[in-house]
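Let's take a walk through this one together, going from helix packing to rings and then to a few backbone details. Keep the viewer open and follow along.

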Amino acid sequence: MIEVENLTKKYGDLVAVKNLNFKVEKGKIWGLLGPNAAGKTTTMRILTGYLPATDGKASVADYDVFEKPNDVKKITGYLPENVPLYPEMTVHSYLNFVSEIKQIPASQRKEAVEKSVAISGLETVRGRLIKNISRGFKQRVGIAQALIHDPQVLVLDEPTIGLDPAQIIEIRRLIKSLKGERTILLSTHILAEVTQTCDGVVIINEGNLMASGSLEELTASFKEKEGVVIKLKKGEKSILSLLKKIHGVDEVSLVDDEFKIEWTKGKDVRDEITKLVVDKELGLIEMRPLAMNIEDLYLKVISGGVEQ
Amino acid sequence: MKNIWAICKKEVKAYFTSPIAYVVITVFLVLIGFFFYSLVWWFNSQSLQMAQNQYYYQQLNINQMVYSPLFHNMSIILLLMIPLLTMRLFSEEKKRQTDELLFTSPISVNQIILGKYFASLFVLLVMLFLTGILSIFVFAYGNPEPAPILNGYLGLFLVGAAFISIGIFFSSLTENQIVSAILTFGALLLFWILNWASYSAGGMWKSVLNYLSFFQHFDDMTRGILDTTDLVYYLSFIFLGLFLTHSVIQSRRWR
């Protein structure tokens, strides 16, 4: 439903998004996870047609975002990070205005407004000026606005930011209830949000893709393995076979000048590796555990300790 | 068309739910009322003096003595007021980041610009229409010619429409409303007084500066002359303003 290929966006010299690739299937909720300034908002703005990309392709429901922006806009609901509200309007007149610019035919507008008010739980505030309602309600007006034209695709930029814990739970429940017909891409910098609401995740940092896949895929790939990354003074290729010979090691690979060693969970071979390094005088510079679950991976992304 | 109407409606509502439209219209009308009063008073005293001389008395012309200067005054006040009407059009959207809603909706940039433009034109029409009340008195107690008055109003409308197109352009440049208003005001004033420079310029420059000046074209219209050159001038000015606005918005998004 949503496809991004080699997407790149530069602001002048600053690279906001670099060669991003991911795919969200129909009817799924995917999370775009990353620390602040990772490129989440930029990616979403490109997908919704607000910003053009510098390079690469993006498509929503097989419509190319750059070639057919209007077709994409018609089927996409977008909640920007800063909810685009006009404070001097009432909730009702605001939603009515949005229904007009989203091209809902006049005869169906009233129904569309009613429906989005009901879904987002705005009955009690519909007659009030937007500037006078609480933050949580403003967020809901934002969601109502994104839903009003019954879009197939929803793009939500940090939908729970700035809300109190009770409101966060409510908004999450609301988002989950929208799943099914709709494909949802939401961004967040909170991992728990992804594990609680999403089917899959794309982790990005400084515009680079760190990992992507469904939650099951990612946890499964991490579950049975443990491993370390070591850096050696004598980092020649021939050492690969020596490392492979260690009893219990399943996989060894050379990434840049570092060796990635994996083994089945429980059979810790760190002692054997150190012994080999000392015996052969390979000169150990660094040894660190390999990221083995999403949390580890994400923590490393946040603390800046991960290269691709 | 439907989309332009949607944007236009929203903008007109925004004008009239905030104090801006009321304040601008009221101040405009108060000033125009004052000018009108003093011009009529002057005309009146002139008539009394001239009443002794039959020849001069026939030369008295309310169109030339009241309306022509009044239109000039009105245009100057429009020059002061219109930047205040247009300053928020795009600046506010950008500051509040509501432009993200507009530009991710299936409507074109042109439709957004035109919707906003027409909303400002509507406020201008309301301002001009309300000054029509003054003419009721003139027609009740005097006998002016209606055609030059209508022509003058057409001139005012065109001048105002050109002002708005410049204002909307500067509003698209910045997210600060005050900056937008000051830039608009400066640009309008410059175009107004461009013909002053033509006094000292010679040859081709003289006519170029004269042609570019708002004043020269407007002066004709207040005296009841309807020339296609003037119409073309104003329409091309409006087109240029809106075209530049479009370019600014597009280039911002591509940067």
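In which hand does H8(B) cross H9(B)? The crossing is right-handed. Keep in mind that what you're looking at is a predicted model.

Let's stay with that helix pair for a bit. Two packed helices are described by an axis-to-axis angle plus the distance between the axes. Here helix H8 of chain B covers residues 146-173, and its axis is 9 Å from that of H9(B), at an angle of about 140°. Angles over 145 degrees would count as roughly antiparallel, so H8(B) and H9(B) end up as oblique to each other. If you want to see who touches whom, pick out B:Val159, B:Phe163, B:Ile166, B:Gly167, B:Phe170 and B:Ser171 on the H8(B) side. Facing them from H9(B) are B:Ser180, B:Leu183, B:Thr184, B:Ala187, B:Leu188 and B:Trp192.

H8(B) has another partner to look at, namely helix H12 of chain B, residues 214-222. These two axes come within 8 Å and cross at roughly 160°, and therefore H8(B) and H12(B) are roughly antiparallel. The H12(B) side of the contact consists of B:Phe214, B:Phe218 and B:Met221. From H8(B), the contributors include B:Pro148, B:Asn151, B:Leu154, B:Leu158 and B:Ala162. Two names should ring a bell: B:Val159 and B:Phe163 take part here, and both also appear in the contact with H9(B).

Now zoom out to the whole chain. Chain B has 13 helices and zero strands, so to speak a plain run of α elements from one end to the other. Its C-alpha atoms fill a box of roughly 70 × 50 × 30 Å along the principal axes. Of its 255 residues, 51% count as buried. If you take the contacts in chain B between residues at least 6 apart in sequence, 75% of them join residues at least 24 apart.Next, the rings. Over all chains there are 24 aromatic pairs. One of them joins B:Tyr117 and B:Phe118 in a tilted arrangement, 6.1 Å centre to centre with 55° between the planes. B:Tyr117 is buried at 3% relative accessibility, while B:Phe118 is partly exposed at 33%. Another pair, B:Phe191 with B:Phe237, is edge-to-face: the centres are 5.0 Å apart and the planes make an angle of 90°. B:Phe191 sits in helix H9 (residues 177-192) and B:Phe237 in helix H13 (residues 228-254) of chain B, so this pair ties together parts that are 46 residues apart in sequence. Of these two rings, B:Phe237 is buried at 8%, and B:Phe191 is partly exposed at 25%.

Both rings belong to one aromatic cluster, whose members include B:Phe163, B:Trp192, B:Phe214 and B:Phe218. You've met those four already: B:Phe163 and B:Trp192 in the contact between H8(B) and H9(B), and B:Phe214 and B:Phe218 on the H12(B) side of the other contact. Among the remaining members are B:Tyr211, B:Phe215, B:Tyr233 and B:Tyr234.

Rings in chain B also meet charges. The charged end of B:Arg88 sits over the ring of B:Tyr15, 5.2 Å from its centre. In a similar way, B:Lys116 places its charged end over the ring of B:Phe90, at 5.1 Å from the centre.

Time to hop over to chain A. Helix H1(A), residues 40-47, is mostly covered, with seven of its eight residues buried. Among the buried ones are A:Lys40 and A:Arg45, along with A:Met44, A:Ile46 and A:Leu47. Just after this helix, A:Gly49 takes a positive phi of about 85°.

Which residues other than glycine have a positive phi here? One of them is A:Ala61, with phi near 50°. A:Ala61 lies in the loop between strands S4 (55-60) and S5 (63-64) of chain A. A:Glu206 is another, with phi near 45°. Its loop runs between strands S9 (200-205) and S10 (208-214) of chain A. At 58% relative accessibility, A:Glu206 counts as exposed.

Let's finish at A:Val98, in helix H3 (residues 91-101) of chain A. A:Val98 is buried, with a relative accessible area of 0%. Leaving out residues up to four places away in sequence, A:Val98 touches A:Gln145, A:Ile148 and B:Leu101. A:Ala146 is 48 residues away from A:Val98 in sequence, with the two C-alpha atoms 9.0 Å apart in space.

Terms used
Residues are numbered from 1 along each chain as its sequence is written. Chains are lettered from A and ligands numbered from 1 in the order in which they are written. This is a predicted model: local features need pLDDT of at least 70, side-chain atom pairs count only at pLDDT 80 or more; totals for chains, interfaces and linings use all residues. Side-chain values use heavy atoms; hydrogens and water are left out. Rings of Phe, Tyr and Trp (its six-membered ring) pair if their centres lie within 6.5 Å; planes under 30 degrees apart count as stacked, over 60 as edge-to-face and the rest as tilted. Buried means under 20% relative accessible area, exposed over 50%, partly exposed in between (1.4 Å probe, protein chains only). A charge sits over a ring if NZ of Lys or CZ of Arg is within 6 Å of the ring centre and within 35 degrees of the ring normal. Axes are lines fitted to C-alpha atoms, for helices over the stretch in contact, and angles run from 0 to 180 degrees between N-to-C directions. Angles under 35 degrees count as roughly parallel, over 145 as roughly antiparallel, 65 to 115 as roughly perpendicular and the rest as oblique. A crossing is left-handed if the near helix is turned anticlockwise from the far one by less than a right angle, and right-handed if clockwise. Contact means heavy atoms within 4.5 Å.
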